[in-house]
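This report addresses salt bridges, a surface patch and helix geometry. The sequence and the structure are shown first.

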Amino acid sequence: TMKKTLPEKVNIFLTMSPEAVEEHFNKNDPAPIYKRQLSQQFEQYIRLATAPARRHTVIQYHVTSKSESDRQLTEPLIYAVKRHFTSVEIKKKAEFERFKRRNYALLFIGLSIIMLAHIVIPLFVDTEGSLQTVLLTGLDIFCWVMMWQPIDKLLFSWNSFLKEINT
């Protein structure tokens, strides 16, 4: 079987004309062209074009225009695209930081409970009895079950966040 390889470079082809500007931007946005929101269809086109990209894939935009007046629309379009995806990247980075903070906090809480239990329970429960062993073992199992999901997420789920941030 052939292994499907992911591209090292993704090319996105755009055409500039007054009609294309109407398609690329939100028609109801009264802002100047370089500050307008991108249309949902245009954003969807870019997302589909970059979907096979890896984290470090180079993404190149190729803009064609027929006249000089169309070429003057190219810079505002590129600026709007960069502005839009920069704000998306900032939101994704904040989401990733929340993801890490939440999972590290759960790990810290779980480890703290285990350590505290191993210090406190022997002080109050007879060390010769089996009750202490049962309590500590039950608490260990509970804490490891509680920490399983954060450990799993921190080990295996972070890559998707970085891919979204970098593409």
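A residue is called buried when its relative accessible area is under 20%, exposed when over 50%, and partly exposed in between. In this predicted model, Glu43 has a relative accessibility of 19% and therefore counts as buried. Arg47, at 38% relative accessibility, counts as partly exposed. These two residues form a salt bridge, their closest N and O atoms being 3.0 Å apart. Both lie in helix 2 (residues 40–50), four residues apart, about one turn of the helix.

**Salt bridges**

The count of salt bridges comes to four. Three of them, including the Glu43 and Arg47 pair, are set out below.

| Pair | Closest N to O | Helix | Separation |
|---|---|---|---|
| Glu43 and Arg47 | 3.0 Å | helix 2 | four residues |
| Glu89 and Lys93 | 3.4 Å | helix 4 | four residues |
| Lys100 and Glu97 | 3.2 Å | helix 4 | three residues |

An α-helix has 3.6 residues a turn, so residues three or four places apart point the same way. Glu89 and Lys93 are about one turn of helix 4 apart, and so are Lys100 and Glu97. Glu89 is partly exposed, with a relative accessible area of 26%, and Lys93 is also partly exposed, at 42% relative accessibility. In the Lys100 and Glu97 pair, Lys100 has a relative accessible area of 24%, so this residue is partly exposed. Glu97 is likewise partly exposed, with a relative accessible area of 37%.

**The nonpolar patch**

Helix 4 spans residues 74–124 and includes Ile119. With a relative accessible area of 54%, Ile119 is exposed, because the cut-off for that class is over 50%. Together with Leu116, Val120, Leu123 and Phe124, Ile119 forms a nonpolar patch on the surface. The accessible area of these residues together is about 570 Å².

**Helix 5**

Helix 5 has 27 residues (residues 130–156), which at 1.5 Å a residue should span 39 Å. The C-alpha atoms at the ends of helix 5 are 38 Å apart, which agrees with that expected span. Helix 5 nevertheless bends by about 35° at Met147, and a proline, Pro150, follows within four residues. Met147 and Pro150 are both among the buried residues of helix 5. The other buried residues of this helix are Gln132, Leu136, Cys143 and Leu154.

Definitions and conventions: Residues are numbered from 1 along each chain as its sequence is written. This is a predicted model: local features need pLDDT of at least 70, side-chain atom pairs count only at pLDDT 80 or more; totals for chains, interfaces and linings use all residues. Side-chain values use heavy atoms; hydrogens and water are left out. Patches are made of residues with over 30% relative accessible area and no salt bridge: like charges are joined within 9 Å, nonpolar side chains (Val, Leu, Ile, Met, Phe, Trp, Tyr) within 5 Å. Accessible areas come from the Shrake-Rupley method with a 1.4 Å probe; for residues, only the protein chains shown count as cover. A salt bridge is a side-chain nitrogen of Lys or Arg within 4 Å of a carboxyl oxygen of Asp or Glu. Helices (H or I, at least four residues) and strands (E, at least two) are DSSP runs, numbered from the N terminus. Buried means under 20% relative accessible area, exposed over 50%, partly exposed in between (1.4 Å probe, protein chains only). The expected span of a helix is 1.5 Å times one less than its number of residues. The bend at a residue is the angle between axes fitted to the seven residues ending there and the seven starting there.
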